[in-house]
Amino acid sequence: MLRNLHRARGLLPLSLRCQLQERSPGRRRRWQQLPGIERTPSGGRAVLTFDDGPDPLSDATPAVLAALERLGARATFFLVGEQIEAAPDRAREIVARGHEVGVHGQRHFRHDRVQPAESVADIEAGHDAVSSLIAERPRFYRPPYGKLGREGYEACRRLGLEVAYWSTWGLDWEPLPAERIARRAIRDLDDGAIVLLHDSARYAVRGSARPTAEALEAIGARAGELGLELVTLGEACGARPELRLVS
């Protein structure tokens, strides 16, 4: 069903799809009703976040990790439980390299379009999958597509998860080249920004997430020009102990 939706969406011209997503009038209303973190406190920092991984079928996640290493940046990865199960070594590598991991659910669907019990079960299963990696409880949850229902929101509160949205994005679920991803991401890059990117194309229209990795050099360069350190969401919101792998 998800692939059929992507194919139907793909019938629209790329420029129109991007315009529709940029102008989505419902996003602000939803986020006001179910508030979460959209920005972090100012302090000369910005946050790169990556959704949908770890990618078991391509080299996109390793390429993103290598690019972050070159930049000297730490990031937050919102992992999907079924992706962790398919690529546990890649999930562990993210943590081993000093990055933060958050919850993106067990599967990947719009939580405002399913029964409450399905939404809650998916969040709980995704929480358990991420918890199996690290010795601490995960702190953040990002709903797929930034869309969540009331019951799912309350489930996050029970699990101690803070809902995390974003302030700028690369539109990198679309088949855009690295230059366009970077240009869009840095348009609103500033002190306290949370940047939405993706290290997997499994749930997207595009065929590969490599362009995201290739865009990171330009994004990092712009952050340097602005005097922004690229840190994890947890660091930007108030540091907790660094995540440790389950031994």
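**Helix 4 and helix 10**

I began with helix 4 (residues 60-71) and helix 10 (residues 210-225) in this predicted model. Their axes come within 8 Å and cross at roughly 10°. I therefore put helix 4 down as roughly parallel to helix 10, since angles under 35 degrees count that way. From helix 4, I listed Ala60, Ala63, Val64, Ala67, Leu68 and Leu71 as making the contact. Helix 10 contributes Arg210, Ala213, Leu216, Glu217 and Gly220. I sorted the residues of this contact by character and got eight nonpolar, one polar and two charged.

**Leucine 230**

Next I looked up leucine 230, which I found in strand 8 (residues 229-231). Is leucine 230 buried or exposed? Its relative accessibility is 10%, so I entered leucine 230 as buried, the limit for that class being under 20%. Leaving aside neighbours within four places in sequence, I found leucine 230 in contact with Ala46, Leu48, Ala73, Arg74, Gly220 and Ala223. Gly220 was already in my notes as one of the helix 10 residues in the contact with helix 4. For alanine 46, I noted a C-alpha to C-alpha distance of 5.1 Å from leucine 230, with the two positions 184 residues apart in sequence terms.

**Helix 7**

I then went through helix 7 (residues 116-131), which has 16 residues. From first C-alpha to last, helix 7 reaches 22 Å, close to the 22 Å expected at 1.5 Å a residue. Which residues of helix 7 are buried? I recorded Ser119, Val120, Asp122, Ile123, Gly126, His127, Ala129 and Val130. I also checked what covers these buried residues. The cover includes strand 2 (76-79), strand 3 (100-103) and strand 4 (140-141). Helix 5 (81-86) and helix 8 (150-159) are also part of that cover.

**Cysteines**

I looked for disulfides and counted zero, taking sulfur atoms within 2.5 Å as the criterion. I also looked up the accessibility of two cysteines. Cysteine 156 has a relative accessible area of 1%, so I noted cysteine 156 as buried. Cysteine 237 stands at 25% relative accessibility and therefore went down as partly exposed.

**Whole chain**

Last, I took down the totals. The protein chain has eleven helices and eight strands. How much of the chain is buried? I recorded 53% of the 247 residues. For contacts between residues at least 6 apart in sequence, I noted that 78% join residues at least 24 apart.

Methods:
Residues are numbered from 1 along each chain as its sequence is written. This is a predicted model: local features need pLDDT of at least 70, side-chain atom pairs count only at pLDDT 80 or more; totals for chains, interfaces and linings use all residues. Side-chain values use heavy atoms; hydrogens and water are left out. Axes are lines fitted to C-alpha atoms, for helices over the stretch in contact, and angles run from 0 to 180 degrees between N-to-C directions. Helices (H or I, at least four residues) and strands (E, at least two) are DSSP runs, numbered from the N terminus. Angles under 35 degrees count as roughly parallel, over 145 as roughly antiparallel, 65 to 115 as roughly perpendicular and the rest as oblique. Contact means heavy atoms within 4.5 Å. Ala, Val, Leu, Ile, Met, Phe, Trp, Tyr, Cys and Pro count as nonpolar, Asp, Glu, Lys and Arg as charged, and the others, Gly among them, as polar. Buried means under 20% relative accessible area, exposed over 50%, partly exposed in between (1.4 Å probe, protein chains only). The expected span of a helix is 1.5 Å times one less than its number of residues.
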